[in-house]
Protein chains: 6
Amino acid sequence: MSTPISRFPVPALQDLPDDVRARIMQVQEKAGFVPNVFLAFAHRPDEFRAFFAYHDALMEKPGGLSKAEREMIVVATSSLNHCHYCVIAHGAILRIRAKQPRLADQVAINYRNADLAPRQRAMLDFAVAVAERAHTVGEDDFAALRLHGFSDEDIWDIGAIAALFALSNRMANLLALRPNDEFYTMGR
Amino acid sequence: MSTPISRFPVPALQDLPDDVRARIMQVQEKAGFVPNVFLAFAHRPDEFRAFFAYHDALMEKPGGLSKAEREMIVVATSSLNHCHYCVIAHGAILRIRAKQPRLADQVAINYRNADLAPRQRAMLDFAVAVAERAHTVGEDDFAALRLHGFSDEDIWDIGAIAALFALSNRMANLLALRPNDEFYTMGR
Amino acid sequence: MSTPISRFPVPALQDLPDDVRARIMQVQEKAGFVPNVFLAFAHRPDEFRAFFAYHDALMEKPGGLSKAEREMIVVATSSLNHCHYCVIAHGAILRIRAKQPRLADQVAINYRNADLAPRQRAMLDFAVAVAERAHTVGEDDFAALRLHGFSDEDIWDIGAIAALFALSNRMANLLALRPNDEFYTMGR
Amino acid sequence: MSTPISRFPVPALQDLPDDVRARIMQVQEKAGFVPNVFLAFAHRPDEFRAFFAYHDALMEKPGGLSKAEREMIVVATSSLNHCHYCVIAHGAILRIRAKQPRLADQVAINYRNADLAPRQRAMLDFAVAVAERAHTVGEDDFAALRLHGFSDEDIWDIGAIAALFALSNRMANLLALRPNDEFYTMGR
Amino acid sequence: MSTPISRFPVPALQDLPDDVRARIMQVQEKAGFVPNVFLAFAHRPDEFRAFFAYHDALMEKPGGLSKAEREMIVVATSSLNHCHYCVIAHGAILRIRAKQPRLADQVAINYRNADLAPRQRAMLDFAVAVAERAHTVGEDDFAALRLHGFSDEDIWDIGAIAALFALSNRMANLLALRPNDEFYTMGR
Amino acid sequence: MSTPISRFPVPALQDLPDDVRARIMQVQEKAGFVPNVFLAFAHRPDEFRAFFAYHDALMEKPGGLSKAEREMIVVATSSLNHCHYCVIAHGAILRIRAKQPRLADQVAINYRNADLAPRQRAMLDFAVAVAERAHTVGEDDFAALRLHGFSDEDIWDIGAIAALFALSNRMANLLALRPNDEFYTMGR
């Protein structure tokens, strides 16, 4: 009755390769439900594996950016790309990780007026630059981040997260990927 | 003396994890040189693995798009993103795969006037839509491709290649990734 | 401690003209709190009176558009203008009026993928055209609405609501108007 | 024979509510003709009242901006919005109020090259920012105005006039509102 | 006391090559004054000769477009380029050639609402396409003009006039070329 | 069999006026082939004469810019305009004049990362500003060039070359002008 999860076929769990199914079971155990991106990407197991490997490499590793800050980058750039799935799903994660129930909506609409530290605003300025005009990103942009204490590894992280969600947003829009209802209220 | 390969540190081959080094040796054997993207991404082995896994999943698999057509998508969208590395490197691959020495330059400048079949022009219209306005891609865009005989799996391929290079172009611009000199003349 | 309501002075209730204060008391009684837009605009009583008269003339009058549909227009166009206050406050009202807790977030991010009827999507296409390119709105745009059964008076309503919030969004951004915390969770 | 005043019905004077008709008679007495905006908006008396109340609250009140300066804001921003009625009608008023017959055309085409004082150019920079990118207007924009001696109340005026004509331009384009022939030559 | 004619040196008439001076005397005799573009371009006699030869080749030759229609193209595209000199000077010529005192202002602000024939509106749609997105002009654009009876030679004329003023507008803005006061009132 | 040179008729050499044919023979003698722009423009001898006179006045005269630098301006701005002919043909000339086989491709894709001196990057910043936003070019832009030692005559040259190719790019796109095969490999 409602809109389907994806414009493309969504496989049944039992038809999936073991490792893909295992990953899905694991996230279900942790979250209590299976985020639709896992089901929709499972239509292409090789892309599924590469995508989540890339995601984990940036979003789960240790580093100078807090996990909440990484989610801010996702929400701010996904909103510019009008990505329904990413804003709703990562907005929920941001609320939980930042423990600020109103932050995700603020960052999605206009991060310039959000309740952020100046360091975080500079981080989002850079992320948005990578999302929208990466070919003009240059020494001035790097210098602005260094002023706030970001290291070169942090700068790679900020840019790479914006780059990964440039991919992710386009895939979600290509698929018309539907966010799970659960995400809308998590962490509010 | 010349511009460095990347704005970020480039590791020495002997310092790399075995699988990363093996992949690099393999491409060197095949191409006769190591494309700089391998060296620059090796600074982050986990991202290296995910990126090339994603690349292979889309660019090397069987499917309805010829390998030359896939490279057309890369060149057309990378040019819109002003990505120095991707246009030069994938332009070379396109010349070789299409066996048309002038095609890559044409596609990079304005695919609408390039020596392409109508089916290929429709394919690039869709790829450019995903690159620039994925949030408005809808049934009309899908229908235009189906008129040219593209299947739904082909459409996923077209969109996913545009999406992957949305990531790749932003990373290459973030790193100011320098193309190898060899690419400029290959296949001309 | 938190961000102020407005970049400009916010008057005390007792210093306001009687009619302005009465209007504020009335909304407080109905909503249980005073939406910050009333306090911030009260800095200029004449503009306050004109703004809310305009608002009521379009949003409260009878007509062919349901009240939920009017709020859809507000949310869709305010989101394009990155107006923090309007998206949060009218998103809450939309949730309540449409009795659909997820609709406001969908419309704010990308109304093209929202759970809307085709008639409502056409309505938002027109509203967005007025918001972004009113000078090219012409017979084709009118005809597209008439196909969905909208009357000329409905078309005026759609365009006029988009026009009023073109003003409202710019004022809220000029003032850095802060939404009340209550709005974030109303109707979820 | 010529283009109609509005795409929507234009009421006869005798059918109007008394206060609306009185306002129209008053402007006719002063100007020698009835500007078409009064006739076209009279189709919706409540919106008529709110619109002109808003207009008078900003354009007729005392304040730090001269009346000519307020008209400069109207002409510069209305031109960016390609609003036929507002550029022609307020261009005439600007010529008269500034007593400079060539200024309105200059401001409409490119205020950066117009015969203006630096203070006025800064004022128009801010007004154009509110018209085109209000969500990024921040402390730097405010500081640039303060350097030229503008008070915070002046800044509200500049931004609010730009905001009001964001509404007005969209309404005039929605209605295809036709300027009176008289405006084209007044004050030249 | 007033703004200079050009940001660059303006030569004295007696210092000019004979043919350049002769051309200037000729236009002065015809118009009653020397349009500033002649004085400013005379700083570079070779460019002066080429520019006016190009101008005459398109604007003075026989052909399917009336001289008023050619000026419409100049005014519509120069306005999009915010070219002070070209809109004012060619607006005056348009008023005179079309014998319609209000047409130039209408075309400059929004040709879609101007008092034009459908054929002329189609002509300006094409001219604006060449001015703003020539790389996407294709068979559809040509077909739209042929529907209105334009020949291929007419289409070259329309596109070439738009192209010439793409040059002219940029030069006038580079020079901050000031229109003569006479142009503002001619033909009103 | 292949795409035609131009969308418009291309005259036979023997049908051309003597001076036009002489110019074509001269370039053929020098280059070893006739660049297609000469054949396509010969359809309109008066425009042919004016165009090449303008070209020579800027590209062949003595001055502060080297001939390679002038070609950089052509390639950078023609690429932004997606002009197939100009990027390919002038890319070839740039390779030859700069004696750097990779420079033309770099400048076409993203001059900001090309192997250029800071003075040349500033020159291209200004040229691109004239190509894309000439109406906002002002004292700051002039000052940035003077810092690198450019004289006012040099600045005229930079801006005028960008302006001439604003025309040239639009004409080539209007004609769908096809570059000669020879250009693709010259100077590599």
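**Exercise 1. Sort the residues that line the largest cavity into nonpolar, polar and charged.**

Solution.
- Start with the classes: Ala, Val, Leu, Ile, Met, Phe, Trp, Tyr, Cys and Pro count as nonpolar, Asp, Glu, Lys and Arg as charged, and the others, Gly among them, as polar.
- The lining divides into 18 nonpolar, 6 polar and 6 charged residues.
- This is a predicted model: local features need pLDDT of at least 70, side-chain atom pairs count only at pLDDT 80 or more, and totals for chains, interfaces and linings use all residues. Residues are numbered from 1 along each chain as its sequence is written, chains are lettered from A and ligands numbered from 1 in the order in which they are written, and side-chain values use heavy atoms, with hydrogens and water left out.

**Exercise 2. Locate the largest cavity and give its volume.**

Solution.
- Fix the term. On a 1 Å grid over the protein atoms alone, a cavity is a set of points where a 1.4 Å probe fits but cannot get out; lining residues have an atom within 4 Å of a point.
- Grid points are joined across faces, edges and corners, and a volume is the space filled by probe spheres set on the points.
- The structure holds 1 cavity of 30 Å³ or more.
- The volume of the largest cavity is about 340 Å³.
- It has 30 lining residues, and the closest to its centre are D:Asp105, D:Ala108, D:Ile109, E:Asp105 and E:Ala108.
- Now the helices, which are DSSP runs of H or I with at least four residues, numbered from the N terminus.
- From chain D, helix 4 (67-80), helix 5 (84-98) and helix 6 (103-110) each supply at least two lining residues. From chain E, helix 4 (67-80), helix 5 (84-98), helix 6 (103-110) and helix 10 (181-185) each do so too.

**Exercise 3. Trace the salt bridges of A:Asp105.**

Solution.
- A salt bridge is a side-chain nitrogen of Lys or Arg within 4 Å of a carboxyl oxygen of Asp or Glu. The structure holds 108 of them over all chains.
- One partner is A:Arg188, with the closest N and O atoms 3.0 Å apart.
- A:Arg188 lies in the segment after helix 9 (152-175) of chain A and A:Asp105 in helix 6 (residues 103-110) of chain A, so the pair ties together parts that are 83 residues apart in sequence.
- Another partner is C:Arg188, at 3.8 Å between the closest N and O atoms.
- That pair crosses between chains, from the segment after helix 10 (181-185) of chain C to helix 6 of chain A.
- Check the burial. Buried means under 20% relative accessible area, exposed over 50%, partly exposed in between (1.4 Å probe, protein chains only).
- A:Asp105 is buried at 12%. A:Arg188 is partly exposed at 25%, and C:Arg188 is partly exposed at 26%.

**Exercise 4. Which residues of chains A and B are linked in a network of salt bridges?**

Solution.
- From chain A, take A:Arg44 and A:Glu47.
- From chain B, add B:Lys61, B:Glu153 and B:Asp157.

**Exercise 5. Relate chain F to chain E, then chain A to chain B.**

Solution.
- Copies are superposed by least squares on the C-alpha atoms of residues with pLDDT of at least 70 in both.
- A turn of 180° and a shift of 0.0 Å along the axis lay chain F on chain E, with an RMSD of 0.0 Å.
- That is the relation of a two-fold axis.
- The same surface serves both copies: 100% of the contact residues of chain F recur in chain E. Contact means heavy atoms within 4.5 Å.
- Chain A goes onto chain B by a turn of 180° and a shift of 0.0 Å along the axis, with an RMSD of 0.0 Å.
- Here 100% of the contact residues of chain A recur in chain B.

Technical notes. On a 1 Å grid over the protein atoms alone, a cavity is a set of points where a 1.4 Å probe fits but cannot get out, and a pocket is an open set with protein on both sides within 12 Å along at least five of seven lines; lining residues have an atom within 4 Å of a point.
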